[in-house]
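Hi everyone, thanks for making time this morning. Let's look at the structure together and talk about the empty spaces inside it and what surrounds them.

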Amino acid sequence: MRGPGVAMVKGGGDEVDSAPRRGRPRSIETTNAILESAYSLMAATGLAATTIDAVARHSSVSKMTIYKWWPSREALLIDAFLHHAAQMLPLPPASSGTPAARARRHAAAYAEALQDEFGKVQLAVISECISKTGSAELFYSRYLQFRRDALVEMIAAGQKDGSILSEGKPEDLYDAIYGGLFYRYVFGIAPISPAYARTLVDLVLRPTD
């Protein structure tokens with residue numbers, strides 16, 4: 001949940017909770033330096049070593065500034081992941097094809113990303129949230145909810161225009177696709193590939209194209 005005075009910053013199709021609007025406005029360059037440093041450290045050294053001190057040193061930004069802009073270390077790690085995901089997995093614009101075609105491309109890109117450091121960092125950040133707060137709610141509210149809502153809306157649009165034949169709730173269809181991919185990744189049940197992701201989208205959505 002967002003506290004009073006918390007603004008929303010949108011970028012790359014995602015939105016990030018920013019710090020309360022007090023004092024001087026954020027510098028985009030400084031914000032990006034912090035987020036990119038945090039992600040680089042998570043990918044290279046793991047979450048345990050990605051402390052506020054380490055991020056401050058790596059980004060050449062004071063700890064005071066980081067603490068002013070993020071309410072907790074977990075929030076910073078999630079926003080760093082979100083910042084990277086917005087660049088690596090942008091939400092598909094409506095102008096880029098039918099809902100099913102866009103769903104195939106996005107799911108395939110996600111499956112490919114899971115095979116790289118992205119998947120390890122995502123899993124580590126979720127685990128950190130659960131271990132520190134007892135749930136993954138922080139990760140959901142800061143990262144997943146906006147993206148899930150956008151893709152659910154895309155599926156619903158396909159059902160409305162007749163290009164998606166599945167009659168299930170759009171939320172359930174989304175969860176079947178992305179939950180299935182993440183389930184396979186976490187437990188290593190079977191290989192994940194972009195081709196498999198595209199096949200899964202077709203199986204779940206039953207598109208006409």
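The lining of the largest cavity is made up, by class, of seven nonpolar residues, with no polar and no charged ones. Before I go on, please keep in mind that this is a predicted model. The residues in that lining are A103, L151, M154, I155, Y174, I177 and Y178. Helices α7 and α8 each bring at least two residues to the lining of this cavity. As for volume, the largest cavity holds about 40 Å³ of space. And how many cavities of 30 Å³ or more turn up in a search of the whole structure? Just one.

Why look for such spaces with a probe? Rolling a probe the size of a water molecule over the atoms shows where empty space is left.

Now let's move to a pocket. The second largest pocket contains about 350 Å³ of space. Its lining counts 17 residues, and Y110, Q122, L144, Y174 and F182 are the ones nearest the centre of the pocket. You may recognise Y174, as that residue also lines the largest cavity. Four helices each give at least two residues to the pocket lining: α5, α6, α7, which runs over 137-161, and α8, which covers 170-187. Which helix gives the most? That is α7, with six residues. Sorted by class, the pocket lining has 12 nonpolar, three polar and two charged residues.

Two of those helices deserve a closer look. Helix α5 spans residues 99-114 and helix α6 spans residues 117-133; their axes come within 5 Å and cross at roughly 85°. An angle from 65 to 115 degrees counts as roughly perpendicular, and α5 and α6 are therefore roughly perpendicular to each other. Where they meet, α5 brings Y110, A113 and L114, while α6 brings F118, G119 and Q122. The residues of this contact divide into four nonpolar, two polar and no charged. Y110 and Q122 should sound familiar, since both are among the residues nearest the centre of the second largest pocket.

Let me finish with one more residue of α5, namely H106. Is H106 buried or exposed? H106 has a relative accessible area of 7%, so this residue is buried. Leaving out residues up to four places away in sequence, H106 touches L89, P90, L91, P92, R147, L151 and Y178. Of these partners, L151 and Y178 bring us back to where we began, because both line the largest cavity.

Thanks, and I'm happy to take questions!

Key:
Residues numbered from 1 in each chain as written. Predicted model: local features only at pLDDT ≥ 70, side-chain atom pairs only at ≥ 80, totals over all residues. Heavy atoms only, no water. Axes fitted to C-alpha atoms, helices over the stretch in contact; angles between N-to-C directions. Parallel < 35°, antiparallel > 145°, perpendicular 65-115°, else oblique. Contact = heavy atoms within 4.5 Å. Nonpolar A, V, L, I, M, F, W, Y, C, P; charged D, E, K, R; others polar. 1 Å grid on protein atoms, 1.4 Å probe; cavity = no way out; pocket = protein on both sides within 12 Å on 5 of 7 lines; lining within 4 Å. Points joined across faces, edges and corners; volume = space filled by probe spheres on them. Buried < 20%, exposed > 50% of the residue type's maximum accessible area, 1.4 Å probe, protein only.
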